Amino acid sequence: MNHGPRSGLTAVSSALLAMSRHLEVRDVLKTIVASARELLDAQYAALGVPDDHGGFAQFVVDGVSDEQWKAIGPLPRQHGILAAMLHEATPERLADVRKDPRFGGWPSAHPDLVDFLGLPIRDGDEVLGALFLANKNCAKPAGGCGFTTDDEELLGILAQHAAIALTNARLYERSRELTIAEERSRLAHELHDAVSQKLFSLRLTAQAATALVDRDPARAKDELHQVATLAAEAADELRAAVVELRPAALEEDGLVATLRTQIQVLDRAHGARVTFTGRGVKALPAAQEEAMLRVAQEALHNALRHSGADHVEVTLHRRGAGAVLRITDDGSGFDPHTVRRAGRHLGLVSMRDRAGGAGGRLTVRSTPGEGTTIEMEVPGG
């Protein structure tokens, strides 16, 4: 390793803390590959989580731009060296991966990988994924690998902790899914009860009106007005049931309705109060709506999981032909000038990338102890 003992220990500690900080599986995967690449000073890092069909359910890379990743094409299959790490659960350290007899080539847009270090991430006998690095940033011995036995040992330690972090993230996501499912079930019962009560009142009132038609038409008319009111209220309750219980779809519902539905669910699932206001926003280009939704989700995740906020306020309003999304929390905040290295762990880098990719811009305002405001503006169509 190029680091001294103290700096090396600090780097390992930072990497392990970063992994334990996240709860969503995707965030954990991103943190693992970023930490591994930085810790071992490699040009590329990747982590694949296998599926049951010979492919990968998730595949995360670090060191490759979004444009490069799109050009590479479909996710790799479980073959060659990747398959060996997954199925034989053995580490692989190679001076030139291209000369290995198991090497099967890669797409034309794929970066050129030479020296290679990879190993499985295991939880007992289960292989959770394959973690690998390529192109060590150092002078290589003639015909030798830039990665050393010390690197392999260090990556092994990282992989053990990665297995713990990944297992915890999976358990958390399952727990959250159950929480939301339970909340939806409770909400369905409440709506069912409310609608049932309205319909019961509606039936009784209609019966009363029927009995009064002949002997007291004026009172019968009043009862029929009440029938109309109760019917309108029952219709509102049913409409609420549809909006609340069906999954929000951006393409079908639009950005405002999708945000409102997701924020209502978050408000019930968390201790913090989460509110949403949407004003005068017309339909935006699909790419801009998608980017705004993802930025809102990332910012809400940070506020609800990391800031300790009591209230998170989300607003979306029109500005010219475009729109401005603002997420404000009253949490712990941070110093924006000192989070450059932590930026990717807070999702700030991905949020800026999403905003820029949609032709918009992202602004982050935060002060320790005074909360955070994240604002994204897009130009519209």
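**Exercise 1. Two packed helices**

Find how helix H7 (residues 250–269) and helix H8 (residues 286–305) are oriented towards each other in this predicted model, and say which kinds of residue make up their contact.

*Solution.* Begin with the geometry: H7 and H8 pack at an angle of about 5°, and their axes lie 10 Å apart. Angles under 35 degrees count as roughly parallel, and therefore H7 and H8 are roughly parallel to each other.

Next, look at the residues that meet. On the side of H7 they include Leu 250, Leu 255, Leu 259, Ile 263 and Leu 266, and on the side of H8 they include Met 292, Leu 293, Ala 296, Leu 300 and Leu 304. Among the others in the contact are Gly 254, Thr 258 and Gln 262 from H7, with Glu 289, Glu 290 and Gln 297 from H8. Sorted by kind, the residues of this contact are 10 nonpolar, four polar and two charged.

**Exercise 2. A loop residue beside H8**

Determine where His 270 lies, whether His 270 is buried or exposed, and which residues distant in sequence His 270 touches.

*Solution.* In the chain, His 270 is placed in the loop between H7 and strand E6 (273–279). The relative accessibility of His 270 is 17%, and so this residue counts as buried. Leaving aside residues up to four places away in sequence, His 270 touches Leu 304 and Arg 305. With Arg 305 the separation is 35 residues in sequence, while the C-alpha atoms are 9.5 Å apart in space.

**Exercise 3. Salt bridges across the chain and within a helix**

For the pairs Asp 62 with Arg 37, Lys 140 with Asp 115, and Arg 294 with Glu 290, work out which parts of the chain each salt bridge joins and how accessible the partners are.

*Solution.* Side chains of opposite charge can pair when their charged atoms come close. In this model the count comes to 13 salt bridges, from which three pairs are taken here.

Step one concerns Asp 62 and Arg 37, whose side chains meet with an N to O distance of 2.6 Å. Asp 62 belongs to strand E2 (residues 56–62) and Arg 37 to helix H2 (residues 25–40), so that the pair links distant parts of the chain, 25 residues apart. Asp 62 is buried at a relative accessible area of 18%, whereas Arg 37, at 26%, counts as partly exposed.

Step two concerns Lys 140 and Asp 115, with 3.9 Å from N to O. Lys 140 sits in the loop between strand E5 (126–136) and helix H5 (149–212), and Asp 115 in the loop between strand E3 (92–94) and strand E4 (116–123), so the pair ties together parts that are 25 residues apart in sequence. Here Lys 140 is partly exposed at 38% relative accessibility, while Asp 115 is buried at 2%.

Step three stays inside helix H8, where Arg 294 and Glu 290 lie four residues apart, about one turn of the helix. Their closest N and O atoms are 2.8 Å apart. Arg 294, at 29% relative accessibility, is partly exposed, and Glu 290 is partly exposed as well, at 28%.

**Exercise 4. Confidence along the chain**

Identify stretches where the predictor's confidence falls under 50.

*Solution.* The average pLDDT of the chain is 82, and 85% of the residues score at least 70. Residues 1–6 stay under 50, and the model gives them seven contacts beyond four places in sequence. Residues 341–345 are also below 50, with 10 contacts beyond near neighbours in sequence. Where pLDDT is low, the predicted coordinates should not be read in detail.

Technical notes:
Residues numbered from 1 in each chain as written. Predicted model: local features only at pLDDT ≥ 70, side-chain atom pairs only at ≥ 80, totals over all residues. Heavy atoms only, no water. Axes fitted to C-alpha atoms, helices over the stretch in contact; angles between N-to-C directions. Parallel < 35°, antiparallel > 145°, perpendicular 65-115°, else oblique. Contact = heavy atoms within 4.5 Å. Nonpolar A, V, L, I, M, F, W, Y, C, P; charged D, E, K, R; others polar. Salt bridge = Lys/Arg side-chain N within 4 Å of Asp/Glu carboxyl O. Buried < 20%, exposed > 50% of the residue type's maximum accessible area, 1.4 Å probe, protein only. pLDDT = per-residue confidence, 0-100.
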